[in-house]
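Please open the structure in a viewer and keep the selection tool at hand. The tour below proceeds stop by stop, with a selection to make at each one.

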Amino acid sequence: MAKALKNYFVPKTVQEACSMLSAHRGEARVIAGGTDLLRQIKCGEVLPEYVINVAAIPDQDYITYDKTSGLRIGAQATAGSIASSPPVREHFAVLASAAGRLGSPHIRRRATIAGNLCNASPSAELYPPLMVLGASLKIIRAGGERDVAVDRFAVAPGQTVLQPDEIVAEVRIPPAPARSAGAYLTQRVRKGEDIAMVSVAVLVTMDGDVMSDLKIALGAVAPTAIRAPAAEATLRGRKFSEDLLGKAGQAAAAEAQPIDDVRASAEYRRKMVAVLVARAVMQAMEQVKSG
Amino acid sequence: MGEQVEVTLTVNGDAHEVRVSAGETLADVLREKLGLTGTKVMCDEGECGSCTVLVNGTPVLSCLTLAVECQGKDILTVEGLADPQTGKLHPLQQTFVQHSGMQCGTCTPGMLLTAKALLDSNASPAENEVREALSGNLCRCGNYKRIVQCVMAAADMMKGATRN
Amino acid sequence: MSRFEWVGKSVPRKDALEKATGKAQFVADMQLPGMLHARFLRSPHAHARIVAIDTSKAEKLPGVKAVLTYRNVPKVHPRRKLEYLLNETVHCAGDEVAAVAAVSRQIADEALRLIDVKYEVLPAVFDAEEAMQPGAPLVYPEYGTNMFHGSEGQPVLRFRPDGWLPVEVGDVEKGFAEADHVVEGTYETPRQYPCSPIPRSVICQWTGDKLTCWADTQLATFTWQDIAACLGVPQSSVRLIATYPVGGYGAKEPDKTATLTALLAKKADRPVKAVFTREEDAVATHHRPKYKAYEKIGVKKDGTITAIQHRMIANFGKDCTWSARILACSACYSCGMLYRTENSRFEGCMAITNTEQHGPMIGFGDPEAGFCVERLIDEAAERIGMDPVQFRLKNCLRYGYRATTSTGVMGRMVPGVKPTTTIEWGVAGTDADALQVCIQKAAEKAGWKAKWRGWKTPVAVNGYRRRGIGIALGIHSSGYFPHAAYVKMNQDGSATVMSSAAEMGQGVATAMAEVVAEVLGVHYDDVSVLLADTAATPAGFGTVASSGTSSAITAARHAANNARQTLFEIAGRRLGVKPEDLEARNRRIYVREKPETGISVAEACLLGHQVTGTAVNPPETTIVDEKTGKVIYPCSLVASIAEVEVDTETGQLDVLQLVSAHDCGRVINPTLIENQIDLSLTAGNGYVRSEKLIVDKSTGVVINPNLLDYKVLTFLDMPRGNDMHEILVEAPCAWGPFGAKGMSEAGATSQAPALANAVYNAIGVRIRGDHLTPERILEALGK
């Protein structure tokens with residue numbers, strides 16, 4: 001039950017939300033879709049005294065695309081709208097795919113991109129694709145703003161670099177490189193709603209037969225989503241071979257820092273990293289070739 | 001207990017002024033303050049879909065929605081699904097009754113409302129689309145096959161009604 | 001014209017409209033004026049003695065109206081269990097330590113935080129085999145052992161002094177000596193949480209010294225009698241109403257919660273409602289017991305089973321409302337009857353541990369035992385190189401084979417009669433031959449001949465994906481228990497049937513009305529069903545063990561016959577004919593040979609002023625096979641085939657097709673039966689594919705008591721409609737109404753092993769452990 005909440009604010013602008021956060025520094029939480037926060041309140045994991053509902057702030061759920069500047073996603077765009085957005089599906093399919101696997105249809109209608117990032121669960125679906133796409137976050141506070149790369153945003157489970165008076169306003173993704181494609185794969189127990197035991201996002205850029213660039217990110221196998229630089233290096237600038245793919249998978253598995261928990265053992269997670277990285281790279285590469 | 005707030009909720013066409021605390025969920029207010037216990041709560045944490053209601057036409061998990069968020073919004077619960085004028089059951093209710101689309105009945109209200117939103121936006125869903133749209137609604141009685149049949153039958157019935 | 005007017009028809013459910021319009025009121029939905037809310041303080045420790053408990057601060061909290069601890073509740077054993085209502089020593093994490101009633105749940109919760117408890121933490125044991133070791137911590141030191149062997153309240157006559165329950169026939173050693181091959185295996189099955197959609201709920205209200213209790217219970221009679229016994233009041237002072245104990249699956253039995261709520265209501269002198277949270281429901285109701293089975297089978301090259309031996313160890317948890325009956329069910333059905341052999345030995349035991357109590361869940365001992373036995377049978381068929389379908393056809397239960405019931409296995413206690421400790425074997429009826437038909441029909445529908453390519457040969461291999469097919473049989477009771485019913489005719493010719501059966505969703509009210517309408521010759525809509533209200537409805541065993549049709553509706557049929565007899569006597573007098581010359585149909589009673597001569601049922605009712613019919617089921621020993629002269633003991637049977645695809649790199653298991661052929665006796669309502677089959681298939685799939693209840697090995701605490709991590713299968717995890725086949729096989733049985741039988745649970749028995757055997761066909765490695773999760777499959781593959 002969430003009845004310990006003392007008060008509930010509905011700011012009309014992002015600036016107003018920042019002022020409220022500033023006034024109740026540390027005691028307030030921002031709520032948008034509420035899919036994570038309300039569950040946490042019910043489980044007693046967090047007990048904020050104040051809740052600031054930003055859902056009523058207008059025009060925060062935009063998704064716009066421009067060939068030169070890339071994709072801009074408003075903080076309150078939902079996973080569902082991202083998954084079905086034509087520009088996202090066309091240019092950043094890896095993100096659309098991950099957004100389409102987040103929770104259930106009910107959750108996807110409510111869960112926002114900023115909420116998923118701020119909640120910073122190790123298995124948060126949107127981190128790996130945003131990491132391989134080189135996304136950054138526009139963060140606003142009363143009287144200022146800053147940009148933070150998505151790889152530097154989460155620092156630990158449930159913890160980000162966001163200050164108590166700051167709010168995420170927008171996610172920006174640069175245009176995808178030419179001749180590139182991504183893939184997102186997860187391992188989970190159920191096909192319906194489920195939390196990933198392991199998730200993998202890759203972005204492969206090809207130059208002729210050579211994988212000129214590689215980006216690989218892993219979810220649910222470390223305190224935060226992580227990049228797998230050694231695995232990337234294994235493949236970068238090389239031609240594809242089964243053997244190489246296996247090595248990249250192994251390298252990624254070595255880079256993962258999984259734990260045993262209620263959902264899977266560390267050992268299984270590590271094995272799945274190797275399998276899914278190899279499959280995702282393969283899938284992305286074939287996509288580039290066919291596209 | 002936190003401050004009480006007055007909110008106006010339009011539920012099944014009727015406006016209700018309710019005093020709620022900031023943390024009260026829509027599910028609790030519907031069930032305990034408005035006596036609309038057709039909305040069932042199975043998991044109370046957004047995993048099962050049984051508490052689904054429509055807010056401005058969109059399926060929403062009422063256990064993960066604060067009542068204060070629904071100020072001024074239109075809420076449809078299972079009690080309001082039949083035609084308010086004639087009392088005639090919604091085609092989904094008709095097919096669920098006719099073909100036993102329920103066993104224990106806990107998931108039924110959430111299934112009906114989620115399926116209504118689907119049929120409102122997609123008049124002829126394929127079986128896979130129905131399964132996908134309902135995949136956030138658990139049926140512990142395992143009645144999935146029958147529920148899909150009922151939703152497809154309701155879609156047919158609604159199309160027939162439109163044609164006539 | 002069909003012989004039947006209603007039997008065999010898929011009429012809409014009696015409760016469909018209520019459930020589709022949100023008007024069906026479950027206990028958790030009810031509010032009474034002045035009602036308080038109960039909350040329970042639960043032990044964080046698996047085994048601890050309460051050294052001190054101070055409730056004074058909680059009692060002083062404004063809004064708190066009653067607080068209970070072990071010190072101010074009667075020292076009685078609820079449902080005749082080992083534990084007391086509230087205990088000085090808690091026996092599992094989640095055990096009730098105190099109960100509070102307050103004006104709101106929030107205040108009650110706050111009060112729980114104000115209760116000061118000092119625990120002396122005691123050594124605890126969680127694993128069954130560890131609990132059986134000498135020197136293991138005793139869960140109940142006063143009981144003297146962790147080997148459950150019955151209690152004063154729940155005697156089990158046939159336990160050996162060493163705590164094992166034996167069932168032995170023939171000479172097993174001789175049988176093994178005659179075998180060409182002896183196959184042995186050790187198998188495990190998982191703990192499972194029934195996960196009723198609505199957590200346990202009870203409301204109690206006192207009016208003077210009379211208690212009304214609304215409870216979600218499948219066992220209205222037992223719960224009612226237990227409340228009265230625990231409170232020390234006559235049963236006439238307690239009225240229990242169980243309108244919608246939704247989603248039973250065996251879970252709905254509030255045992256001590258109902259009594260504690262009644263005590264809170266008494267103390268506070270106000271109505272009290274107790275509704276568990278999902279987490280409480282997961283840790284403080286009951287679980288399907290985990291089994292470990294040491295199995296051995298002897299086979300001849302021609303496929304004859306020469307001997308079979310089962311040694312099963314069940315984790316009893318801290319207690320059970322059903323004594324050793326679940327184990328006895330395993331012994332009787334899956335281990336004792338499903339396969340024919342002259343030489344068979346079962347030994348089972350239940351080790352008491354500091355984990356949540358075990359209890360019924362769909363299949364009641366048969367999914368547990370069947371998951372072990374049916375994997376062993378598959379291994380035996382493979383050893384002699386025989387098609388697993390043929391091996392089962394050759395050896396499966398048939399008419400005339402020895403049969404008993406779990407009561408027979410436990411030993412019978414009949415008041416006034418010397419207890420029976422030897423098993424008096426009866427026979428399976430002619431309906432048992434339906435099993436062969438089930439096997440054949442399932443194999444045909446699944447395309448077995450085309451798909452089965454021999455042992456060690458998957459159905460198909462596509463890179464790292466391998467497809468496999470597997471079969472398993474299932475069996476369970478078709479419970480035939482003492483049950484009574486009343487049929488009350490109204491003067492307009494309509495009828496109300498009263499029974500203590502519970503409508504949990506299975507459709508018992510609907511099928512009961514169909515049968516009563518059939519007997520009385522009235523319309524289905526003319527029949528109302530009043531269930532599980534102890535102020536009105538007669539005694540009955542409850543709605544468990546697939547007994548709704550075979551017990552409750554059987555009683556209703558006899559009661560309807562009884563009412564019809566009276567109506568025919570009235571009509572006969574009016575028409576000047578003998579009652580036996582009359583028939584009833586279309587709301588008319590008419591002369592069989594002269595259908596135009598008759599009167600309406602309504603007229604007969606009016607003439608009779610108040611016509612009623614009552615009946616109690618005839619004792620099971622009166623149902624005798626004509627040919628052998630032996631008692632026919634009831635069971636229901638199933639053959640299931642699963643086709644799966646395994647990703648050999650991730651262990652991912654996709655279920656492509658499920659075919660399940662069920663022995664239904666006679667079909668009363670095909671739609672309801674198909675729905676019940678789908679329930680058993682889905683629950684049987686979840687049992688091994690996704691529902692993993694995790695008990696921490698060092699603390700005994702359940703670490704995933706929520707639906708995020710206790711994973712119930714979704715729409716997308718079960719095969720699409722065209723790939724789920726429910727086959728209804730009719731072979732009328734001797735005990736049920738019109739030959740119908742309880743059939744709902746057997747399907748849960750065959751699912752897990754059908755999947756396991758299909759996985760084996762796909763990957764070539766046997767999984768003898770408890771789950772078929774991706775992780776376990778990959779582990780089996782040695783990757």
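**First stop: a serine in chain B**

Select B:Ser50 together with B:Met42: a polar atom of the side chain of B:Ser50 lies 3.2 Å from the backbone nitrogen of B:Met42. Please bear in mind throughout that this is a predicted model. To place the serine in its chain, display the secondary structure of chain B; B:Ser50 sits in the loop between H1 and strand S3 (52–55).

Is B:Ser50 buried or exposed? Its relative accessibility is 1%, and B:Ser50 therefore counts as buried, the cut-off for that class being under 20%. Next, show the residues around the serine. Apart from neighbours within four places in sequence, B:Ser50 is in contact with B:Lys40, B:Val41 and B:Met42, and also with B:Thr106, B:Cys107 and B:Gly110.

**Second stop: where chain B meets chain A**

Now select chains A and B together. The contact involves 26 residues from chain A and 33 residues from chain B. Between the two chains an area of about 2400 Å² is buried, and carbon and sulfur atoms give 53% of it. Within chain B, highlight B:Leu64, B:Leu66 and B:Glu69: these residues lose the most area to chain A, together 21% of what that side buries.

Turn next to the charged pairs. How many salt bridges does the rule find across the interface of chain B and chain A? There are four. One to display is the salt bridge of A:Lys42 with B:Asp44, in which the closest N and O atoms are 2.8 Å apart. Across this interface, nine residue pairs are also found in polar contact, with both residues at pLDDT 80 or more.

Then colour chain B by element. Helix H1 (26–33), strand S4 (58–61) and helix H4 (127–133) each supply at least two residues of the side of chain B that touches chain A. The largest share comes from S4(B), with four residues. Colouring that side by class instead gives 11 nonpolar, 13 polar and nine charged residues.

**Third stop: a helix in chain C**

Finally, move to chain C and select residues 508–520, which form helix H15. This helix has 13 residues and reaches 18 Å from its first C-alpha to its last, close to the 18 Å expected at 1.5 Å a residue. Show the surrounding structure as well: 13 of the 13 residues of H15(C) are buried, so the helix is largely enclosed by the rest of the structure. Extend the selection to C:Gly521, which follows H15(C) and has a positive phi, near 70°.

Conventions:
Residues numbered from 1 in each chain as written. Chains lettered and ligands numbered in written order. Heavy atoms only, no water. Contact = heavy atoms within 4.5 Å. Buried area = accessible area lost by both parts, 1.4 Å probe. Salt bridge = Lys/Arg side-chain N within 4 Å of Asp/Glu carboxyl O. Polar contact = N/O pair within 3.5 Å; in protein donor to acceptor, adjacent residues only side chain to side chain. Nonpolar A, V, L, I, M, F, W, Y, C, P; charged D, E, K, R; others polar. Expected span 1.5 Å × (residues − 1). Buried < 20%, exposed > 50% of the residue type's maximum accessible area, 1.4 Å probe, protein only.
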